[in-house]
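Here is a quick tour for anyone opening this model for the first time. Have a look at the picture, and then we can walk through a few places together.

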Amino acid sequence: MKKADNFDAGKWLVENKLTNQSRLDELSSNTFKSAINVSKERGTDRRTYKLGELYLNQFIGKDLIGGKITNIGVHSPQQSNYRNIAIEVTKSIYQDSGYNKGENKLIKDYIYYDIDNDLFDMESVEIDRKDAVVLAKIALKINPDSRYKETGKYFKIKGY
C-alpha cells in the first residue's frame, strides 16, 4: 500500500487550517459588503443572513449583556433601504415566583447594528466595558473605519 492511499485531503486541510472558515476570515470587509449587496439585488435574503452567520461566527458563544451570543446574521432585504446585523443574545433567568418557580427560563434579546449608518440601537443603554468591547469588535469586523474604534466614546459605560 502506498502512502498516497492513506492520504485524507479533508483532514490535511483542517490540520493546516485551510478551511472555508479560514477563507471567510480572510475576506475584506469591502468584499463582504459587496457580497451582501449582490445577494440583496438577487433577492436571496436567507443567503445573505447565512453569509453573515459564517462571516461573524467568531462571536458566537461570547458573553454579552448578561448572556451569550447564540446567533448573529445580516439582514438586507431586497425591498428595503437598510443593511443591519442582528445579534441574538440568550440569557438564563431564574424564576422566583409563579407556576415555573425554581426553574431557569431562557430569554432571547436582540441587538441591531446598522451597517450603513455605523450605529448600534442601544447607545443610550448603560453597559459594561467588556460588552462595549465585544460590540465594537463586531462593528470593526464589518466597518474597519467604524467610529467604535474608540470603544468608550459612543457607548454609555457603567461607572463612567
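Let's start where two helices meet: Ser29, Phe32, Ala35, Ile36, Ser39 and Lys40 on the α3 side touch Arg47, Thr48, Leu51, Gly52 and Tyr55 on the α4 side. Sorted by class, that contact is made of five nonpolar, four polar and two charged residues. Keep in mind that you're looking at a predicted model.

How do α3 and α4 sit against each other? Helix α3 covers residues 29–42 and helix α4 covers residues 45–55, and they pack at an angle of about 160°. Their axes are 9 Å apart. Angles over 145 degrees count as roughly antiparallel, so that's the label for α3 and α4. As for the hand of the crossing, α3 passes α4 in a right-handed way.

Now zoom out to the whole chain. What is it built from? There are five helices and seven strands. Read from the N terminus, the order is α-α-α-α-β-β-β-β-β-β-α-β. In other words, four helices are followed by six strands, then a helix and a strand.

The chain has 160 residues, and 35% of them are buried. About 10400 Å² of the chain is exposed, with carbon and sulfur atoms supplying 49% of that area. Contacts also reach along the sequence: take those between residues at least 6 apart, and 51% of them join residues at least 24 apart.

Next, two spots in the loops. Which backbone angle stands out at Ile65? Its phi is positive, about 50°, although Ile65 is not a glycine. You'll find Ile65 in the loop between β1 (63–64) and β2 (67–75). Asp118 also has a positive phi, near 50°, and it too is a residue other than glycine. This one belongs to the loop between β4 (104–114) and β5 (119–120).

Are these two loop residues buried or exposed, or somewhere in between? Buried means under 20% relative accessible area. Ile65 has 24%, so it counts as partly exposed. Asp118 has 13%, so it counts as buried.

Finally, let's visit strand β4, which holds both Lys105 and Asp109. Each of them has a partner that is some way off along the chain, and the table puts the two pairs side by side.

| Pair | Apart in sequence | C-alpha to C-alpha |
|---|---|---|
| Lys105 and Ser92 | 13 residues | 5.5 Å |
| Asp109 and Thr90 | 19 residues | 6.3 Å |

Which residues does Lys105 touch, once those up to four places away in sequence are set aside? The answer is Lys91, Ser92, Ile93 and Gln95. So Ser92, the partner in the table, is also one of the residues in contact with Lys105. Counted the same way, Asp109 touches Ile87, Glu88, Val89 and Lys91. Lys91 therefore turns up in the list for Lys105 and in the list for Asp109.

How open to the outside are these two strand residues? Lys105 has a relative accessible area of 42%, which makes it partly exposed. Asp109, at 35% relative accessibility, is partly exposed as well.

Note on methods: Residues are numbered from 1 along each chain as its sequence is written. This is a predicted model: local features need pLDDT of at least 70, side-chain atom pairs count only at pLDDT 80 or more; totals for chains, interfaces and linings use all residues. Side-chain values use heavy atoms; hydrogens and water are left out. Buried means under 20% relative accessible area, exposed over 50%, partly exposed in between (1.4 Å probe, protein chains only). Contact means heavy atoms within 4.5 Å. Accessible areas come from the Shrake-Rupley method with a 1.4 Å probe; for residues, only the protein chains shown count as cover. Axes are lines fitted to C-alpha atoms, for helices over the stretch in contact, and angles run from 0 to 180 degrees between N-to-C directions. Angles under 35 degrees count as roughly parallel, over 145 as roughly antiparallel, 65 to 115 as roughly perpendicular and the rest as oblique. A crossing is left-handed if the near helix is turned anticlockwise from the far one by less than a right angle, and right-handed if clockwise. Ala, Val, Leu, Ile, Met, Phe, Trp, Tyr, Cys and Pro count as nonpolar, Asp, Glu, Lys and Arg as charged, and the others, Gly among them, as polar.
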